[in-house]
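Biologist: Hello! Could you walk me through the reasoning behind the labels on this one?
Modeller: Gladly; let's take a look together.

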Amino acid sequence: MGHLDHAALGWLTPVLSYVMACIGAALGLRCTMRALGATGRSRRNWLITAASAIGTGIWTMHFVAMLGFSVSGTDIRYDVPLTIVSLLVAMIVVCAGVFAVGYSRDRARALFLGGLTTGLGVASMHYLGMAAVRLHGQVHYDPVLVGLSVLIAVVAATAALWAALNIKSPVAVTIASLIMGAAVSSMHYTGMFAMSVRVTPSGAALPGATAMQFIFPLAVGLGSYLFLTSAFVALSPSTGEREASASAQRPVENVAAL
């Protein structure tokens, strides 16, 4: 059996991956709150932004954590197409869950279906990402820990959607984001601890790209997207702020008309 190290770079990758998960959750919650206060095309755009933020945050968290993953006795490579598919799965399923909550009139039913769909999608993203791993050996999973990781993903997704519907204040959003980041990280490492590898020593070259060749640049790019989108959301006025601004301008316009 090969020895699995989930933090080969020390605490850097676990901490950084947690930060990315928190940023994605916070941005997604803020965008969903904006969406629920908007209508028409504006609501759709905010929901798309929320889904892309949460999906990107979860995917980036996963693969930043994977930068610190190593197995003794074998190199590790990643299948590029399958890794990209895992990103698309994260985006699509989170989008489905967010839109279910954003447009459904029956919030309780939407919360259940959205949380279940999104949680299963997040778990699928994780295990698709793990299926993209190429190494010299055979990978096995503990079904109990796999099931626990899926359960954590569903509970975390449901909690995130509930928070988007019920949390309004910035402080509450921050607390919810920290909790969500911890939940997503817990799901990831539970899934990783479910994994074992029986190494088969070989001198043959592994197909695919190394983490630094492919995952690191992509993670940095998506991380930059999260930071830039966060700045945009922070500077964009909310519905309440726009209404307050419009109300303040009306007396001035009335005086000018006199």
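Biologist: Why is Trp59 called buried or exposed, whichever applies?
Modeller: Keep in mind that this is a predicted model. Trp59 has a relative accessible area of 0%. Buried means under 20%, so Trp59 counts as buried.

Biologist: And which label does Phe63 get, buried or exposed?
Modeller: Its relative accessible area is 0%. That is under the 20% limit, so Phe63 is buried. Trp59 and Phe63 both sit in helix α2, four residues apart, or about one turn of the helix.

Biologist: How many aromatic pairs does the structure hold?
Modeller: There are three aromatic pairs. In one of them, the ring centres of Trp59 and Phe63 are 4.5 Å apart, with 40 degrees between the planes.

Biologist: What makes the pair of Trp59 and Phe63 stacked, tilted or edge-to-face?
Modeller: Rings pair if their centres lie within 6.5 Å, and 4.5 Å meets that. Stacked needs planes under 30 degrees apart and edge-to-face needs over 60. The angle here is 40 degrees, so the pair is tilted.

Biologist: Phe63 is buried. Which aromatic pair do Phe63 and Tyr78 form?
Modeller: Phe63 and Tyr78 form an edge-to-face pair, with 6.3 Å centre to centre and 75 degrees between the planes. The 6.3 Å is within 6.5 Å and the 75 degrees is over 60, so both conditions are met. This pair links distant parts of the chain, with Phe63 in helix α2 and Tyr78 in strand β3 (residues 76-78), 15 residues apart. Tyr78 is buried, as is Phe63. Trp59, Phe63 and Tyr78 form one aromatic cluster.

Biologist: Which residues touch the most other members of the largest nonpolar core?
Modeller: Met66, Phe69, Val71 and Tyr78 do, in a core of 61 residues. Helix α2 (residues 40-66) gives the most to this core, with twelve residues. There is also a second, separate core of seven residues, including Leu29, Met33, Val173 and Ala176.

Biologist: What makes Asp79 and Arg134 a salt bridge?
Modeller: Their side chains meet at 3.6 Å, N to O. The cut-off is within 4 Å, so the pair qualifies. Asp79 lies in the loop between β3 and α3 (80-103) and Arg134 in strand β4 (residues 133-135), so the pair ties together parts that are 55 residues apart in sequence. By this rule the count comes to one salt bridge.

Biologist: Which label do Asp79 and Arg134 get for exposure?
Modeller: Asp79 has a relative accessible area of 23%, and Arg134 has 25%. Partly exposed lies between the 20% and 50% limits. Therefore Asp79 is partly exposed, and Arg134 is partly exposed as well.

Biologist: Where does UniProt place the feature "transmembrane region"?
Modeller: The unreviewed UniProt entry gives residues 15-33, 45-69, 81-103, 110-132, 144-165, 172-194 and 214-235. In the model, residues 15-33 are 100% helix and 0% strand, with end C-alpha atoms 27 Å apart. Residues 45-69 are 88% helix and 0% strand, and their end C-alpha atoms lie 36 Å apart.

Biologist: How many helices and strands does the protein chain have?
Modeller: The protein chain has eight helices and six strands. Buried residues make up 47% of its 258 residues.

Note on methods. Residues are numbered from 1 along each chain as its sequence is written. This is a predicted model: local features need pLDDT of at least 70, side-chain atom pairs count only at pLDDT 80 or more; totals for chains, interfaces and linings use all residues. Side-chain values use heavy atoms; hydrogens and water are left out. A nonpolar core is a set of buried Ala, Val, Leu, Ile, Met, Phe, Trp, Tyr and Cys residues joined through side-chain atoms within 4.5 Å. Buried means under 20% relative accessible area, exposed over 50%, partly exposed in between (1.4 Å probe, protein chains only). Helices (H or I, at least four residues) and strands (E, at least two) are DSSP runs, numbered from the N terminus. Rings of Phe, Tyr and Trp (its six-membered ring) pair if their centres lie within 6.5 Å; planes under 30 degrees apart count as stacked, over 60 as edge-to-face and the rest as tilted. UniProt positions are given in the numbering used here, feature names are shortened, and annotations may be inferred rather than shown by experiment.
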